[in-house]
Amino acid sequence: MSPSFCDVLETFENQFPNRDYTIEIRCPEFTSVCPKTGQPDFGVLTFIYTPDTKCVELKSLKVYLQQFRNEGIFYENATNRILDDFVAVVQPRRVVLIAEFSARGGITTTVTVSFEGGATS
């Protein structure tokens, strides 16, 4: 597996760190490669997070996700890896990542992972 791509993720200071509020980011153009067939996989990623002291900078998130374009990785692995990198860099209070992958062979897959104040699930 390739090294972590999270070096490109950037943040900016949350101007309201004493308030719980939710940021929802929808990324409708996620692509990766099926490690079995080499065929492209397409999905929609939705991040729903409550920032602590930092917020993710959107252009850097786009560049981060684009690195998966040629990555041979299963849906489940990609979703968990993206959550781990997001948590490591942004350090949110909580986050849910929903990854909805397009149909392949008549089957769609949705992978949902979450992080809540110190533990991923």
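## Buried or exposed: a starting point

A residue counts as buried when its relative accessible area is under 20%, as exposed when that area is over 50%, and as partly exposed in between. Thr79 has a relative accessibility of 1%, so Thr79 counts as buried. Keep in mind as you look around that this is a predicted model.

Thr79 belongs to helix H2, which covers residues 75-90. Along the chain, Thr79 and Ile98 are 19 residues apart, and their C-alpha atoms are separated by 8.0 Å.

Two loop residues make good practice for the same cut-offs. Glu71, in the loop between H1 and H2, has 8% relative accessibility and therefore counts as buried. Gln91, found in the loop between H2 and E5, has a relative accessible area of 44%, so Gln91 is partly exposed. Gln91 also has a positive phi, near 50 degrees, although the residue is not a glycine.

## Following the strands

Let us now walk from strand to strand. Strand E2 (23-33) runs antiparallel to strand E3 (residues 40-50), and nine bridges join the two. Two of the partners are easy to look up: Ile23 has Tyr49 as its bridge partner in E3, and Cys27 has Leu45. Six residues lie between the strands in the hairpin of E2 and E3, where Gly38 takes a positive phi near 80 degrees.

How many of the 11 residues of E3 are buried? Eight are, and E3 is described as mostly covered. E3 also pairs with E5, again in the antiparallel sense, over eight bridges. Leu45, the partner of Cys27 in E3, has Ala99 as its bridge partner in E5. Phe47 is likewise bridged to E5, where its partner is Leu97.

The next step leads from E5 to strand E6 (residues 107-116): these strands run antiparallel and are joined by nine bridges. Arg94 has Glu116 as its bridge partner in E6. The hairpin of E5 and E6 has two residues between the strands, and Gly105 there takes a positive phi near 65 degrees. As you trace any of these strands, it may help to recall that side chains in a regular strand alternate between the two faces of the sheet.

## Rings that meet

The structure holds seven aromatic pairs. Why is the pair of Phe30 and Phe101 edge-to-face? Planes over 60 degrees apart count as edge-to-face, and the planes of these two rings stand at 75 degrees, with the ring centres 6.3 Å apart, so the pair falls into that class. Phe30 sits in strand E2 and Phe101 in strand E5 (residues 94-104), so their pairing ties together parts that are 71 residues apart in sequence. Both Phe30 and Phe101 are buried.

These two residues are also members of one aromatic cluster, together with Phe5, Tyr64, Phe68 and Tyr75. Phe5 has another contact to look for: the charged end of Arg81 sits over its ring, 4.5 Å from the centre.

## The largest pocket

The largest pocket has a volume of about 240 Å³. Of the 13 residues that line this pocket, Cys27, Glu29, Lys62, Leu65 and Gln66 are the closest to its centre. Cys27 is a residue you have already met, as the partner of Leu45 in E3.

Which elements each supply at least two residues of the lining? They are strand E2 (23-33) and helix H1 (58-66). E2 gives the largest share, with seven residues. Sorted by class, the lining of the largest pocket has seven nonpolar, two polar and four charged residues.

## A distance to finish with

Glu71, the buried residue in the loop between H1 and H2, offers one last comparison of sequence and space. Glu71 and Glu24 are 47 residues apart in sequence, and their C-alpha atoms are 25 Å apart.

Terms used: Residues are numbered from 1 along each chain as its sequence is written. This is a predicted model: local features need pLDDT of at least 70, side-chain atom pairs count only at pLDDT 80 or more; totals for chains, interfaces and linings use all residues. Side-chain values use heavy atoms; hydrogens and water are left out. On a 1 Å grid over the protein atoms alone, a cavity is a set of points where a 1.4 Å probe fits but cannot get out, and a pocket is an open set with protein on both sides within 12 Å along at least five of seven lines; lining residues have an atom within 4 Å of a point. Grid points are joined across faces, edges and corners, and a volume is the space filled by probe spheres set on the points. Helices (H or I, at least four residues) and strands (E, at least two) are DSSP runs, numbered from the N terminus. Ala, Val, Leu, Ile, Met, Phe, Trp, Tyr, Cys and Pro count as nonpolar, Asp, Glu, Lys and Arg as charged, and the others, Gly among them, as polar. Two strands pair if DSSP finds at least two bridges between them. Rings of Phe, Tyr and Trp (its six-membered ring) pair if their centres lie within 6.5 Å; planes under 30 degrees apart count as stacked, over 60 as edge-to-face and the rest as tilted. Buried means under 20% relative accessible area, exposed over 50%, partly exposed in between (1.4 Å probe, protein chains only). A charge sits over a ring if NZ of Lys or CZ of Arg is within 6 Å of the ring centre and within 35 degrees of the ring normal.
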